[in-house]
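Got the viewer open? Let's take a walk through some side chains and see who meets whom.

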Amino acid sequence: MVERFGPDLLRGSLDLMILSILAQGKAYGYQIQASLKEGSGDLVRVSAGTLYPVLHRLEANSLIASSWDDSAGRKRKWYHLTAAGRARLQSQTRQWDAYVAVIQRLLAPLRRNGWPELAGPAAPG
């Protein structure tokens, strides 16, 4: 069983995770938290105290925008991806895919040479 991701790993990837969720449509904070948890198979649990500062920073950098809505009976701040956020998502996705491929290539020889604690999918090539 894989442990939940530690704060160092999340710090480098949380922006990408949030942008990917908002690329699917607008969402408010609790929905983003739930999507992170569900989409990660419960490996990513982000507290409100972690999530909202990231959302505020992404908004300050014009990668997301927000609007208030109370049509469902409760006033909520809804976040959505901007054009700049979509561009950043595309760029970070390419970088992340390349990064994952590098890590997989570096771990592949260890996995092939009997490191059972590193069992997992070997990198191609």
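Start by selecting E59: with a relative accessibility of 23%, E59 counts as partly exposed. Keep in mind that this is a predicted model. Now add K77, which is partly exposed as well, at 21%. These two form a salt bridge, with the closest N and O atoms 3.7 Å apart. The pair ties together distant parts of the chain: K77 belongs to strand 3, E59 to helix 4 (residues 48-60), and 18 residues separate them.

Next, stay on strand 3 and pick W78, then Y28. What kind of aromatic pair do Y28 and W78 form? The answer is edge-to-face, with 4.9 Å from centre to centre and 80° between the planes. Here too distant parts of the chain are linked: Y28 is in strand 1 (residues 27-28) and W78 in strand 3 (residues 76-81), 50 residues apart. Are they buried or exposed? Y28 is buried at 15% relative accessibility, and W78 is buried at 18%.

Leave Y28 on screen and add R76: its charged end sits over the ring of Y28, 4.2 Å from the ring's centre. For another view of this kind, select K75 and W68. The charged end of K75 sits over the W68 ring, 5.3 Å from its centre.

Now jump to helix 1 (residues 7-11), where D8 and R11 lie 3 residues apart, about one turn of the helix. They form a salt bridge, the closest N and O atoms being 2.4 Å apart, and both residues are exposed.

Last stop: D42 and R45, whose side chains meet in a salt bridge at 2.7 Å, N to O. D42 is partly exposed at 27%, and R45 is partly exposed at 44%.

Note on methods:
Residues are numbered from 1 along each chain as its sequence is written. This is a predicted model: local features need pLDDT of at least 70, side-chain atom pairs count only at pLDDT 80 or more; totals for chains, interfaces and linings use all residues. Side-chain values use heavy atoms; hydrogens and water are left out. Rings of Phe, Tyr and Trp (its six-membered ring) pair if their centres lie within 6.5 Å; planes under 30 degrees apart count as stacked, over 60 as edge-to-face and the rest as tilted. Helices (H or I, at least four residues) and strands (E, at least two) are DSSP runs, numbered from the N terminus. Buried means under 20% relative accessible area, exposed over 50%, partly exposed in between (1.4 Å probe, protein chains only). A charge sits over a ring if NZ of Lys or CZ of Arg is within 6 Å of the ring centre and within 35 degrees of the ring normal. A salt bridge is a side-chain nitrogen of Lys or Arg within 4 Å of a carboxyl oxygen of Asp or Glu.
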